[in-house]
Amino acid sequence: ILPGAVSGHELLLKVWDSSDNIEYDNIVYNISSGSGSFNGLFSAIDSITYEQNSGINIDFDVLEGWNWISLNIFTDDMSLNSMLSSIDGSGEFIKSQSGYSDYYDGFGWFGTLENIDNVSMYRLKMIENNNINIIGMPAIVSETILNLDQGWNWIGYTPQITLDVNTALSNIPDGNAEFLKSQSGYADYYDGFGWFGTLENMEPFLGYLIRLVSSVDFTYNEGDMARTSTAIVTVSSNQFDLNIHDYEYNGTMTTALYVDNNRVNSYDYTLAAFDGTTCVGHTDGLYFPLDGNIIFPLMVYGNQAGNTLTFKVYDKVLQEYLEIAEEYVFTPDMTLGDGFDPVLLNASESPDTYAISPAYPNPFNPVVNFDIDLDSDSYVDARVYNISGQEVAVIYDGMLSGNMHKLSWVASNQASGIYFIKVTLDGVAASNNKIILLK
């Protein structure tokens with residue numbers, strides 16, 4: 001019986017999978033009635049059968065560089081060439097924890113990694129931005145078992161919804177897992193408390209690394225159901241010019257920051273890590289509820305082991321940078337410190353200060369100048385970009401002593417128009433001056 005059905009109105013029937021909280025689209029229904037009549041409502045229906053023509057459609061972005069991905073649907077053909085057909089020509093390399101493949105134009109993917117599954121994480125390297133589009137059946141979360149070994153495991157994410165880490169991983173017995181990270185955040189497991197860190201939620205299409213104290217088999221716990229979009233969360237650009245997709249590896253440093261021998265317990269500072277003059281990680285303070293202190297959970301990035309990491313602290317109130325004496329060597333998947341035993345970083349008393357003048361004359365033809373006043377030796381990178389964001393000239397790239405300096409750009413071979421002079425000091429953006437060339 002269908003109460004409320006009105007004679008002459010078209011009935012739209014849908015199928016809802018209550019266990020996975022999924023509404024299926026593109027479904028054909030055949031309704032047969034053995035008896036009864038339609039007079040405002042169905043008085044009897046012997047059977048309702050449906051034929052499912054297709055499952056769900058996932059569509060998510062993969063960006064130029066490295067992407068940590070996983071898939072939560074399956075099809076009859078789980079080969080790389082089938083599952084990644086929407087990015088043909090845009091991807092160049094993919095690897096799992098145990099195999100890899102290269103992409104060959106006119107041929108496809110070839111290597112020891114031939115198929116994709118729903119339990120693994122994959123590191124995909126893209127030549128250019130694109131999106132992965134696949135139609136398939138959703139993974140059955142309660143039946144998709146992740147068999148994890150002691151140590152590091154590359155894991156996929158099977159639910160169709162975003163979940164809090166403590167909910168998603170609640171089927172792992174207490175004490176079995178100790179550390180989890182994504183491409184952009186991480187969390188430690190604390191006995192009697194649960195997961196805590198910058199990684200608070202697990203999301204569809206993202207891949208994760210988890211470290212176990214002992215082996216375990218588990219399925220994700222979906223908790224309370226909620227509808228969610230299929231949009232992947234990506235990291236936007238920032239004042240430190242860090243693009244995490246430039247890097248294959250990452251590591252973590254849970255730190256405590258000291259200024260003038262006093263531990264920082266405010267949110268007035270940003271901690272940044274550098275490989276030479278390039279920023280390879282930054283973080284703000286985070287309240288650690290188990291002892292009431294502020295920690296700085298820093299994720300650092302790199303493409304090879306052995307590079308030396310240096311650090312600076314930005315005082316948001318005074319808008320000054322403080323030097324840190326300690327240095328560390330980057331190794332892939334390094335995990336230094338936790339909330340109870342953080343890495344100690346000590347900022348020096350004297351901040352680096354500088355002044356950069358506006359460009360002059362402006363408009364100009366063909367020479368434009370600007371002054372930099374440095375209180376200490378600094379690495380200066382000054383470049384010119386056109387209105388389309390293309391680099392057209394390098395004004396200076398190297399060390400400058402703590403003093404007043406005049407830098408100039410001669411634009412004899414450039415067309416009239418708007419340009420920008422971007423200056424970075426020790427890898428941190430310092431100024432971006434708009435200039436106009438009039439000939």
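Asp-381 is found in strand S35, which covers residues 378-386. In this predicted model, Asp-381 has a relative accessibility of 14% and counts as buried, because the limit for that class is under 20%. Its side chain does have a polar partner: a polar contact at 2.6 Å links the side chain of Asp-381 with that of Arg-383. Beyond the neighbours within four places in sequence, the surroundings of Asp-381 come from two stretches of the chain. Tyr-396 and Asp-397 are in contact with Asp-381, and so are Lys-422, Val-423 and Thr-424.

It helps to place this residue against the chain as a whole. The chain contains 39 strands and 2 helices. Of its 439 residues, 45% count as buried, and Asp-381 is one of the residues in that class. Among contacts with a separation of 6 or more, 69% are made by residues 24 or more positions apart. The contacts of Asp-381 with Lys-422, Val-423 and Thr-424 offer a handy local example of partners set well along the sequence. As for the outside of the chain, its accessible surface comes to about 21,000 Å², and carbon and sulfur atoms contribute 46% of that area.

Strand pairing can be followed in some detail. Strands of a sheet pair through backbone hydrogen bonds, and the pairing may be parallel or antiparallel. Strand S34, residues 367-374, has antiparallel partners in both S33 and S37. With strand S33 (residues 354-356), S34 shares 3 bridges, and within this pairing Ala-355 has Asp-373 of S34 as its bridge partner. With strand S37 (residues 404-410), S34 shares 7 bridges; here Ile-372 is matched with His-405 of S37.

Another part of the chain holds an open sheet of 3 strands, arranged in the order S5-S12-S7 with antiparallel pairing. Its edges are formed by strand S5 (56-62) and strand S7 (73-74), each of which pairs on one side only. Strand S12 sits between them in the sheet order. S12 spans residues 130-138 and runs antiparallel to S5, to which 7 bridges join it. A convenient place to look in the structure is Ile-56, which stands opposite Gly-136 in S12.

Key: Residues are numbered from 1 along each chain as its sequence is written. This is a predicted model: local features need pLDDT of at least 70, side-chain atom pairs count only at pLDDT 80 or more; totals for chains, interfaces and linings use all residues. Side-chain values use heavy atoms; hydrogens and water are left out. Two strands pair if DSSP finds at least two bridges between them. Helices (H or I, at least four residues) and strands (E, at least two) are DSSP runs, numbered from the N terminus. Buried means under 20% relative accessible area, exposed over 50%, partly exposed in between (1.4 Å probe, protein chains only). Contact means heavy atoms within 4.5 Å. Accessible areas come from the Shrake-Rupley method with a 1.4 Å probe; for residues, only the protein chains shown count as cover. A polar contact is a pair of N or O atoms within 3.5 Å; within protein, one must be able to donate a hydrogen and the other to accept it, and residues adjacent in sequence count only if both atoms are side-chain atoms.
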